[in-house]
Amino acid sequence: MKKQEKVIVKKLIIVGFITGLTFSVFSLPIIEMLTGSPVAPLGNILFPGNGVWNVPGEVPEHETLYIEDLNDEVTVYRDVWGIPHIYGNDEEDLMFAAGYVHAQDRLFQMEMVRRLVRGRLSEIAGEEYIESDKYNLALGMEYWSKKTLLMLEEKEERGEIDLLEPFERYVDGINYYIDTHQNELPIEFAILGFKPTEWTMTDSLCFAKYMGYMLTWDYDDLYRLINFEALGSERYNDLYSQYAPYQIPICPNYGSYNDSVMALTHLESEPQPSSSALNAISRFLTNVENIESEKQLINIKKQNILGSNNWVVDGVLSDTGKPILCNDMHLAWGLPGIWYESHISAQDPDLNVYGFTLPGVPLVIVGHNEHIAWGFTNTNYDVLDWYYYNEIDSNHYIHNGKVKEYKTRDYKIRVKGKDPVEFKVKETVHGPVLNDFLDDAVPDSLDYENIVIAPQWTANDITYEALAFYEFFFAKNRAEFNESSRWFVNPAQNMIYGDIHGNIGIRPTGLVPIRDGNENGTFPYDGSSGEGEWIGYIPFEELPHTENPDQHYLASANQIVAGPNYKKYFLQHPYAAGYRARRINELLNNSEDGTVSVETMKEIQLDIRSTPAEYFTPYLINVIEKGGFSEKASVINQIYSHLKSWQFDMDKDKAAPTIYRKWRDLYMEYTFEDEFDALDAYQYVQLNVLEKLTREDPNSTWFDDIYTPIVEKRDDIILRAFLDTVDWLEDFYDSDDVDDWEWGDLHKGYFEHLLEIETFSKGPYELDGEGYTVNPSWVDISDGEGRAGGGASERMIIDFSDLQNCLSVIPSGQRGYSNSKHYDDQLELFLDGEYHPQYFYDDIEDFPESKIESQLHFIPAEKVIVWIAFTTIFLIIGIISLIEIRWIRKYDIIPKIEEKRNLLVQWIKKNELISKIKEKRNVLIQWIKKNGRISKIKEWNHSLVQWIKKR
């Protein structure tokens, strides 16, 4: 075969392989669902010059960019994990570089988040996303981001803040990358057939609102009302309004709880909604659950994915004599991951900060500088209330007995392949109406048409979280950090704190409403009657907080914030069941002074001992020990042996976790499902409620199965759940050998690509742990193998005795390109329970050369101009010199000059000119001395020197 033919065949094979791969990947339903039509034309993806041919893999090993309006040089060292360390002398220049590297690594992720928040998915994905766009626009995240930007600009003009110039330079960095890389984009842009447009400061501010949405937006009040109406007052209060048991408060200085103490001291009057209001709320929830983003959020909240852990020990408890601080925020997993690690170091101002950023936001959300460190967990403060109103007509509604006119916001939603859609949002005094555009079907009743539903939410306002994060950069002590925290509104967070001075603290911070009439926001309010009005917010100084406690540590894991002595204000409902908090407190409280090390902190973050298993399993073992099993005695004996020797660790290689978890699920189901099914209630009861019934009320009516003629008690339900567990596990594993029932076969983790493209996703991986372990991962095993979709989204350990000994990891990688080694390299660390060091050097000269994987240099364009000018001058001089040399050589100039010089010397000697010059010189010296001219000459010389220096 000729050489040219071989080349052609080789190219055809490559194209054929890529085509086959592309068809296999792009045949997934998600692509068609997302676009509403087949994927972008295949030529756009495969033809040379397009698509896959232009997708970058790794960043260049050496790259230099010449940037206009840059004040000084900036150098970015990416370390062996692809983490950028940005060094420079000017803060604005550093922000430009931060924007550039965010776009360089995570542009498609940034693009999709801003489109989701700003209601622009239909523009690229078609009419199937119109409802989602409408809902997100109605929520007001974009609207209030724009309002916030306007207020920040006003504050800047008045000289109150100095934030926007660095912020603008960050945006410039993103846009510089977008402008210069339109033909080198992530493959997802080619798949969906569009290109990114200009980034704005509003886009970045929308990300803060999106985090608030993820962590504080919910429909709990509405679901509680449905449950209350279904169960009735007595049953409802038995499960939901009682003290959430076995809580260890975050702030230890407000007392502790025991069985006789009720945490919910602010009891709200029972709701009395009309049938039309109930109908409207029920219909609204049904429609909301059909919006994909809302359905996912509701499921995530059910699965306890959105939580976090943080804790800090002081120098008494640590083995270093200095605080050690830890944080792992629990969010949904995905590829690329939500967090991006970054290090920024500047000489002017004095800045050296390392931590986790959101791509699209220029600020470190969680991290540390050279003086302090901070971490977050969600407070679950009740910052959202729902209201229903009687509507008069399309323009008016009733509020507090008076007719009010809606305020409106108008939008035009662009739709791919279709005409734009006009959309009007109606606003009540509390917030946007959300149920009037979700359902085009004819309502079930005329009453339903007259009810509108709207939320009041602390995020739907002008807020300044960006100022808080910016000031955290420069805080040097507890007082400065607290003062910066005042800006923080939503999402309310338990802010753990430590510093080099030895101080530790925690302050659950955020804006918490005070409601009229001592109401606590448990149920939706009748806005037409004026119920549940917000009359103010809890003052910052009166929020619970703790500094330097006698126990020498502080810990939060989404449990109750304060003890029973905090009585003035209502804060939370609900809060986490508290199992992670109980375990963390157990481990730290049992540690002897001077023994807690960085290695100890790793062990706690990776801890998989199940606190609920520790309390539930003995009751199961007790039932098994009573015996009387006529069948499957061999299998049950094996189960008993596994459970009896088990130390409650949810180890993926063990069978005991499998038995316990499946039994626990069925035990929960059999305890509550009969009543909930009969009464048509919304089923969600916290596990600690079942624990309390199990431990303290074995004859509770909840254990009775209302569908049987006998009255069941606790052990009857435990036994029934156990026998069904045995049958289920034998069937699933197709084995009666209990050793085969390994937990990892049921409990797996999956890290899904942003577009749900399987080829770009990772997993499933067998995992340790469960939803209630300190190292969390929740799965639904009702139908077999469960895949955890969330857990720790980062892990961080800060050692104040040596800030070079800080550790971190994310369950993904830095780059959003599936063909990059940094797409998922940290995921491997994460799954193995490992960390990487943080290279926290404030001086670029100290950065280890062996840890530098690539270098990116930003050079001011002005320096290039100066360099070109000097180079040009030197070139001209060089050229002239060359010409002169050639001319001198050509015409024998040098010999002629030598000849003339010799003649001149002879003439001087002949006429005795040297002796005559000496004679005149002596006469001149005598004249100078005689007339005092030496001092004047010195004076003139000094003046000349000063004149030269000034110029």
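**Exercise 1. Is aspartate 734 buried, partly exposed or exposed?**

Let's work it out on this model, which is a predicted one.

Step 1: find the residue. Aspartate 734 sits in the loop between α24 (714–733) and β23.
Step 2: take its relative accessible area, which is 71%.
Step 3: compare with the cut-off, where exposed means over 50%. So aspartate 734 is exposed.
Step 4: check the backbone while you're here. Phi of aspartate 734 is near 50 degrees, a positive value in a residue other than glycine. That's worth a second look, because most residues other than glycine have a negative phi.

**Exercise 2. Do the same for glutamate 756: locate it, then classify its exposure.**

Step 1: glutamate 756 is in the loop between β23 and β24.
Step 2: its relative accessible area is 34%. Buried would need under 20% and exposed over 50%, so glutamate 756 counts as partly exposed.
Step 3: here too phi is positive in a residue other than glycine, near 65 degrees for glutamate 756.

**Exercise 3. Work out how the sheet containing β23, β24 and β25 is put together.**

Step 1: write down the order. The sheet is open, has three strands, and runs β24-β23-β25 with mixed pairing.
Step 2: pick out the edges. Those are β24 (762–766) and β25 (786–788), each pairing on one side only.
Step 3: look at the twist, which averages 35 degrees from one strand to the next.
Step 4: zoom in on one pair. β23 (residues 747–751) and β25 are parallel, with three bridges. Lysine 748, for example, has arginine 787 in β25 as its bridge partner.
Step 5: go back to edge strand β24, where you'll find proline 764. The peptide bond leading to proline 764 from glycine 763 is cis, with omega near 5 degrees.

**Exercise 4. Follow the chain around β16 and β17, and say how well β17 is covered.**

Step 1: start just ahead of β16. Proline 491 lies in the loop between α17 (478–485) and β16 (493–499), and a cis peptide bond with omega of about 5 degrees joins asparagine 490 to proline 491.
Step 2: move on to the hairpin. β16 and β17 pair in the antiparallel sense over six bridges, and asparagine 494 is partnered with proline 508 in β17. Four residues separate the two strands, and in this hairpin glycine 502 has a positive phi near 100 degrees.
Step 3: find the other partner, β21 (residues 546–547), which pairs with β17 in the antiparallel sense over two bridges. There, glycine 505 has glutamate 547 as its bridge partner.
Step 4: judge the cover. Six of the six residues of β17 (504–509) are buried. Ile504, Ile506 and Pro508 make up one side, and Gly505, Arg507 and Thr509 the other, so by the under 20% cut-off both faces are covered.

**Exercise 5. Describe how α20 and α23 pack against each other.**

Step 1: recall that two packed helices are described by the angle and the distance between their axes.
Step 2: fill in the values. The axes of α20 (residues 611–625) and α23 (residues 687–696) come within 11 Å and cross at roughly 35 degrees.
Step 3: add the hand, which is left-handed for this crossing.
Step 4: list who touches whom. α20 brings Pro612, Tyr615, Phe616 and Tyr619, while α23 brings Leu687, Leu690, Glu691, Thr694 and Arg695.
Step 5: sort those residues by type, and you get six nonpolar, one polar and two charged.

Methods. Residues numbered from 1 in each chain as written. Predicted model: local features only at pLDDT ≥ 70, side-chain atom pairs only at ≥ 80, totals over all residues. Heavy atoms only, no water. Pairing = 2+ DSSP bridges. Axes fitted to C-alpha atoms, helices over the stretch in contact; angles between N-to-C directions. Left-handed = near helix turned anticlockwise from the far one by under 90°. Contact = heavy atoms within 4.5 Å. Nonpolar A, V, L, I, M, F, W, Y, C, P; charged D, E, K, R; others polar. Buried < 20%, exposed > 50% of the residue type's maximum accessible area, 1.4 Å probe, protein only.
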